[in-house]
Every structure is written in C-alpha cells, then in structure tokens.
Amino acid sequence: MMGIGGLVVFASAFVAAGAIRKSMKMKQEVDLFADQVEEAIEQILLGKEWKETTEVTEDTLWGKCGEKFWQLYRVWNRKEADALLEKRQMKALISDISHQTKTPLANMKLYQEFLQEEALSEKGKEFLNCLEEQTGKLEFLLQSMVKMSRLETGIIQIQKERENLYQTLTAAVSQIVPAAAQKEIELYVKCEENMMLDYDKKWTEEAIFNVLDNAVKYTSAGGKICVTVIRQEIFTKISVQDNGKGIRLERQAEIFTRFYREPEVHVQNGVGIGLYLTRRILELQNGYIEVHSEIGKGSEFCLYLPN
C-alpha cells in the first residue's frame, strides 16, 4: 500500500503534469491567436479580400476578438472607398473650376488688348490700368486656390528625385529678379553649385519662390535679400534673410495659416496663401519652415529639407 507521503507526491506530480498540459495548451492557443491577428492586420493593411481560414468558436481567443477585426476590416474598406470617391469628386470639381475660368479670363485680357489700341481719355486709360491689375489679381487668386486644393486633397503627389538644389534655387530667384530690380533691392545667393538632394523639384521651387516673393514685397526700396544654403547633419537649410519691416512676435505663428495677411500690408498684392503653401510643400517632404524676425530689423525664413 502507498503511504500518505507517497500519495502526496503522486498528487503533486499529477497536479504539476496537469498544469504543464494546461500551460502548453494555452501557449498553443496564444500562438495561434497571434498568427491569426497578424494575418488579419496584414489583410487589412494590404486591402486584401478577407478570407477566414479557420473555424471561429466563441470559447477561443480568436472567437472573442475575430468579430471585432471583421468590423474593423469593413469600416477600413468603407472609409478607404469614401476617401477615394471624395478625392475623385474634388479632382473633377477643381478641374471644372480651372477649365471654366480660363476662357472668361482669356477673353477679358483680349478685350483689354483691344482697348489699349483705342483712343481713350486719361480717365479711360486709368480705368483700363485698374482693370488689368484686377484681372491679374483674379487670375493669381484662382491659380493659388487650385494649387492649394490639389495639395490638400492629395491630388498632386510629391515626387522626390535626386536633383541639383542650386539649379532649383536659381530658377526660383530668376522669377523675382524683375520685381527686385524695380525696387533696387540687392540679391545675394550663396549655394554650392553641385548640391544634390532628394526632393520634388517643381514644388520646392514653388516653396522657395513664395518666400522670396514675400521678401521682395515687404522689403523697402534699396534693401537687401540674402539667400544661403547650408547642408546640416539631418537637414539642408535654405535661409532667406531680408532687412525689411519685420514681423511682430505674436503674429509669427499666424503667417503660415491660410489667407492670413498682416493688417499693415493690405495695400500689397497677394491673397495670403503663399507661406501656407510653402509650409505644406515642405511638410509633404518631411521638412519644415521657421521664421526669426524683429520689427524694424527684417526677417529670416529657414526652409528645411531632409538630407
């Protein structure tokens, strides 16, 4: 007969064996659950059609969570479809607006050319000049709105390629040379001629031009603008520094928002989205923009692109 001590040892061994079996079963169930979760997430992320390969029972870990993944999968797909439809509708709307406004603007410019050939009074010539100026403003506004809408809706995707930053900078600077020359503003550019970087050439040129355009507008006649490019450890910095009127500290965060214009500069041409576009263009390339300014001492805008 087995003694009490032997019974205790046997019972302990039996309990231990049962615990081991239970632990192994739990481990198998957890491993299976982890594999099922991984497969479900992969199908959701890749947008694949959901195919349930194992029988779902309520007393398993997957049985308790599988239905939630099903719901997540359906919601994800529905939102993706809605977002795609919205982008298509927005693209069609933007294209329609752009197309519908081109003809009236072209006709307005044509009629203005006809009027320039007519014998007009001094007052008539003054009105014609005002009409040309307002037509130019309207055209600029519509073009800016289209650019902004395309960037915000993702219709235009940033295409980063290995490009020469010096050439892009030169193209942007050349666009503001006439305006700078008219105000006798001195332009200085310091950049390596063979500085290669991965970025979107077209949109980065737009971003640099917007900052330069602002610098020329808000720098007094006879002023100075310096453009300097420095390759840092993580980012390449494009600095645009002027000796213009400067920006109040409390307004420096607002200047990068849509349609913001400082109260003192409403006489200047513009609609207040240039710096907003620049910020969005840089952000879409994992870059950023910052400003350092002091009233009466000018401003420095720093555009950062990742190396």
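**Exercise 1. Determine what joins the side chains of aspartate 213 and lysine 217, and where the two residues lie.**

Solution. In this predicted model, a salt bridge brings together the side chains of aspartate 213 and lysine 217, at 3.3 Å from N to O. Both residues belong to helix α5 and are four residues apart, about one turn of the helix. An α-helix has 3.6 residues a turn, so residues three or four places apart point the same way. Lysine 217 has a relative accessible area of 18%. The limit for a buried residue is under 20%, so lysine 217 counts as buried.

**Exercise 2. Compare the salt bridge of lysine 125 and glutamate 122 with that of arginine 162 and aspartate 198.**

Solution. Step one concerns lysine 125 and glutamate 122, whose side chains form a salt bridge of 3.9 Å, N to O. These two residues are three residues apart in helix α3, a separation of about one helical turn. Lysine 125 is partly exposed at 41% relative accessibility, while glutamate 122 is exposed at 61%.

Step two concerns arginine 162 and aspartate 198, which meet in a salt bridge of 3.4 Å, N to O. This pair links distant parts of the chain, with arginine 162 in strand β1 (residues 161-164) and aspartate 198 in strand β3 (residues 196-199), 36 residues apart. Aspartate 198 is partly exposed, with a relative accessible area of 34%.

To complete the account, the count of salt bridges comes to seven. A network of salt bridges links Arg279, Arg280 and Glu283.

**Exercise 3. State how many helices and strands the protein has, and give their order along the sequence.**

Solution. The secondary structure consists of six helices and seven strands. Along the sequence, these elements follow the pattern α-α-α-β-α-β-β-α-β-β-α-β-β. Of the contacts between residues at least 6 apart in sequence, 68% join residues at least 24 apart.

**Exercise 4. Classify the ring pairs that phenylalanine 235 makes with tyrosine 288 and tyrosine 304.**

Solution. The structure holds four aromatic pairs. For phenylalanine 235 and tyrosine 288, the ring centres are 5.3 Å apart and the planes stand at 85°. An angle over 60 degrees counts as edge-to-face, so this pair is edge-to-face. Phenylalanine 235 is in strand β5 (residues 235-242) and tyrosine 288 in strand β6 (residues 288-294), so the pair ties together parts that are 53 residues apart in sequence.

For phenylalanine 235 and tyrosine 304, the centres are 6.2 Å apart and the planes stand at 80°, so this pair is edge-to-face as well. Tyrosine 304 is in strand β7 (residues 298-306), so the pair with phenylalanine 235 in strand β5 ties together parts 69 residues apart in sequence. Tyrosine 288 is partly exposed at 33% relative accessibility, whereas tyrosine 304 is buried at 6%. Phe235, Tyr288 and Tyr304 form one aromatic cluster.

**Exercise 5. Identify the residues that touch the most other members of the largest nonpolar core, and the helix that gives this core its largest share.**

Solution. The core has 41 residues, of which Leu169, Leu212, Ile225, Ile238, Phe301 and Leu303 touch the most other members. Its largest share, eight residues, comes from helix α5 (residues 201-217). Beyond its neighbours within four places in sequence, leucine 303 is in contact with residues including Ala207, Val211, Ile238, Leu282 and Tyr288. In soluble globular proteins, nonpolar side chains tend to be buried together.

**Exercise 6. Decide whether helix α6 is largely enclosed or open, and describe leucine 284 in the loop that follows.**

Solution. Seven of the 10 residues of helix α6 (residues 274-283) are buried, so the helix is largely enclosed by the rest of the structure. Among the buried residues are Leu275, Tyr276 and Leu282. Leucine 284 lies in the loop between α6 and β6 and is partly exposed, with a relative accessible area of 35%. Apart from its neighbours within four places in sequence, leucine 284 is in contact with Leu151 and Ile158. The C-alpha atoms of leucine 284 and isoleucine 158 are 6.9 Å apart, although the two residues are 126 residues apart in sequence.

**Exercise 7. Name the residues of the nonpolar surface patch of about 320 Å².**

Solution. The patch is made by Leu110, Tyr111 and Phe114. Phenylalanine 114 lies in helix α2 (residues 61-116) and is partly exposed, with a relative accessible area of 45%.

Technical notes: Residues numbered from 1 in each chain as written. Predicted model: local features only at pLDDT ≥ 70, side-chain atom pairs only at ≥ 80, totals over all residues. Heavy atoms only, no water. Phe/Tyr/Trp six-rings, centres within 6.5 Å; stacked < 30°, edge-to-face > 60°. Buried < 20%, exposed > 50% of the residue type's maximum accessible area, 1.4 Å probe, protein only. Core = buried A, V, L, I, M, F, W, Y, C linked by side-chain atoms within 4.5 Å. Contact = heavy atoms within 4.5 Å. Patch = residues over 30% accessible without salt bridge, like charges linked within 9 Å, V, L, I, M, F, W, Y side chains within 5 Å. Areas by Shrake-Rupley, 256 points an atom, 1.4 Å probe, with all protein chains shown as cover. Salt bridge = Lys/Arg side-chain N within 4 Å of Asp/Glu carboxyl O.
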